[in-house]
Amino acid sequence: MFQFKDVSYGPLKDLTFSINKKEKVMLFGPSGAGKSTLLFLFNRLHSPSSGSIYLDEKEIADFEVTDLRKRVGLVLQDPNLFPGTVLDNIKYGPSIFGEWDEREAEKLLQYVQLPTSYIDRDVEQLSGGEKQRVSLARTLANSPEVLLLDEPTSALDYRTAEEIEECLENLIEEHNLTMIMVTHNLQQASRLGERGLFIVDGQLVEDGRILEMLEKPKSNELARFIEE
């Protein structure tokens with residue numbers, strides 16, 4: 001699916017790795033390591049200063065940006081919703097492509113476990129957890145193949161974060177999505193992820209199955225990170 005070949009940008013240095021379809025990958029490491037920077041390279045919010053990134057063997061620079069971001073959806077830590085109603089937000093992407101079907105609205109709300117009565121509610125009336133669910137629904141409305149998640153639960157209280165995690169697990173399973181998620185929470189990484197990419201100072205220090213990495217770190221950097 002994705003291939004990075006000698007990619008550098010900002011703090012990131014010569015990253016080479018591949019991600020397969022339907023993988024659940026966690027990007028983790030110390031603050032300032034370059035995790036979010038790396039995440040934003042997948043859908044061209046950043047473009048590499050050197051090296052190449054491929055999606056299904058086609059360089060992502062050759063995709064129309066709107067087409068790429070339709071396939072590779074992004075959910076941020078701050079839901080960053082548009083002013084207006086829940087419906088205004090979730091139909092935004094498909095409307096650009098002339099693909100919006102009104103029947104999808106209730107289905108999308110069900111996917112993210114929100115009552116269908118919320119469809120005409122103003123987003124300013126929603127709680128933080130509800131806004132994050134609408135943000136998820138807005139991304140899902142584009143029928144993405146890949147879900148990029150930048151610490152989507154870090155601003156939420158513990159119980160709400162658990163609910164969003166459960167929602168994510170169900171969505172990824174039901175839609176056969178590839179997930180690439182930035183987290184600082186190792187427990188969350190082990191719950192949601194299968195594979196881990198451990199990044200320190202812009203370099204890929206370890207890449208493996210997340211549970212094995214956390215139980216038997218191969219590098220001193222990861223051992224220290226787990227202890228801290």
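Phe-198 sits opposite Glu-206 of strand β10 in this predicted model, where local features need pLDDT of at least 70, side-chain atom pairs count only at pLDDT 80 or more, and totals for chains, interfaces and linings use all residues. Residues are numbered from 1 along each chain as its sequence is written, and side-chain values use heavy atoms, with hydrogens and water left out. Strands β9 (residues 195–200) and β10 (residues 203–209) pair up antiparallel through six bridges; pairing takes at least two DSSP bridges, and strands (E, at least two residues) and helices (H or I, at least four) are DSSP runs numbered from the N terminus. Two residues separate the strands of this hairpin, and Asp-201 adopts a positive phi near 50° there.

Now for the interior. The largest nonpolar core (buried Ala, Val, Leu, Ile, Met, Phe, Trp, Tyr and Cys residues joined through side-chain atoms within 4.5 Å; buried means under 20% relative accessible area, exposed over 50%, partly exposed in between, with a 1.4 Å probe and protein chains only) has 44 residues, of which Phe-28, Ile-90, Val-112 and Leu-136 touch the most other members. Helix α7 (residues 158–175) is its biggest contributor, with six residues. Another core of 29 residues lies apart from it, with Phe-2, Val-25, Ala-33 and Val-72 among its members. Beyond its neighbours within four places in sequence, Phe-28 makes contacts (heavy atoms within 4.5 Å) with residues including Gly-196, Leu-197, Phe-198 and Ile-199.

Then there is Tyr-92, found in helix α4 (residues 92–96). Tyr-92 is partly exposed, at 43% relative accessible area.
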